Amino acid sequence: MIFEARASVLADLEARGVANAGTVSVLDEACSQRRWWVEQWPEGATYLAGLIAQDVQDALVDAHGRTDRTGLWPLCEGCSDGPLHALHIEPDLGGPDPAWVCDETGTVVAELGRLNR
Ligand SMILES: [Zn+2]
């Protein structure tokens, strides 16, 4: 479960060119915390991948602000005007079937793990 979740989030970091030692260590930290969490609450497995993606997003915003591609991961590439903005996981709870959605337009961009390169 954790390995699949990690692979999905890593694929989306790579898709946007922000997979590096720093972001992968953020991902690994999120996975190790969520591993403990899902051991306490096995039913939470449905939400695991989406929650890890949200944890990584939060940590990257904290570390980078909303000023570059890393802090804005994953950047919405569908909106051509307006301020740059990140996509968000729907459903907000993290699952089931987590997908990246643009808050501005409500457009579903991709399933988690399937962002375009
Ligand atoms: Zn957008």
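For a chain of 117 residues, a compact globule would have a radius of gyration near 13 Å, and the chain, at 13 Å, agrees with that expectation; the radius is taken over C-alpha atoms, and the globule rule is 2.2 Å times the number of residues to the power 0.38. The model is predicted, so that local features need pLDDT of at least 70 and side-chain atom pairs count only at pLDDT 80 or more, whereas totals for chains, interfaces and linings use all residues. Residues are numbered from 1 along each chain as its sequence is written.

Along its principal axes, the C-alpha trace spans about 45 × 30 × 20 Å. The chain holds 3 helices and 3 strands, in the sequence pattern α-α-α-β-β-β; helices (H or I, at least four residues) and strands (E, at least two) are DSSP runs, numbered from the N terminus. Of contacts between residues at least 6 apart in sequence, 54% join residues at least 24 apart, a contact being a pair of residues whose C-beta atoms, placed from the backbone, lie within 7 Å.

Helix 1 (residues 2-15) packs against helix 3 (residues 48-64) at an angle of about 45°, and their axes are 9 Å apart. This angle makes helix 1 oblique to helix 3, since angles under 35 degrees count as roughly parallel, over 145 as roughly antiparallel, 65 to 115 as roughly perpendicular and the rest as oblique. Ile2, Glu4, Ala5, Ser8 and Val9 in helix 1 meet Leu48, Ala49, Ile52, Ala53 and Val56 in helix 3. By class, this contact has 8 nonpolar, 1 polar and 1 charged residues, where Ala, Val, Leu, Ile, Met, Phe, Trp, Tyr, Cys and Pro count as nonpolar, Asp, Glu, Lys and Arg as charged, and the others, Gly among them, as polar.

Buried residues make up 29% of the 117 residues; a residue is buried if 20 or more other C-beta atoms lie within 10 Å of its own, exposed if 12 or fewer, and partly exposed in between. Two residues of helix 3 are set out below.

| Residue | C-beta neighbours within 10 Å | Class |
|---|---|---|
| Ala49 | 27 C-beta atoms | buried |
| Gln54 | 19 C-beta atoms | partly exposed |

Leaving aside neighbours within four places in sequence, Ala49 is in contact with Glu4, Ala5, Ser8, Val9, Gly95, Pro98 and Leu112, and its C-alpha atom lies 7.5 Å from that of Ser8, 41 residues away in sequence. With the same neighbours left aside, Gln54 is in contact with Ile89 and Gly94.

How values were computed: Two residues are in contact if their C-beta atoms, placed from the backbone, lie within 7 Å. Axes are lines fitted to C-alpha atoms, for helices over the stretch in contact, and angles run from 0 to 180 degrees between N-to-C directions.
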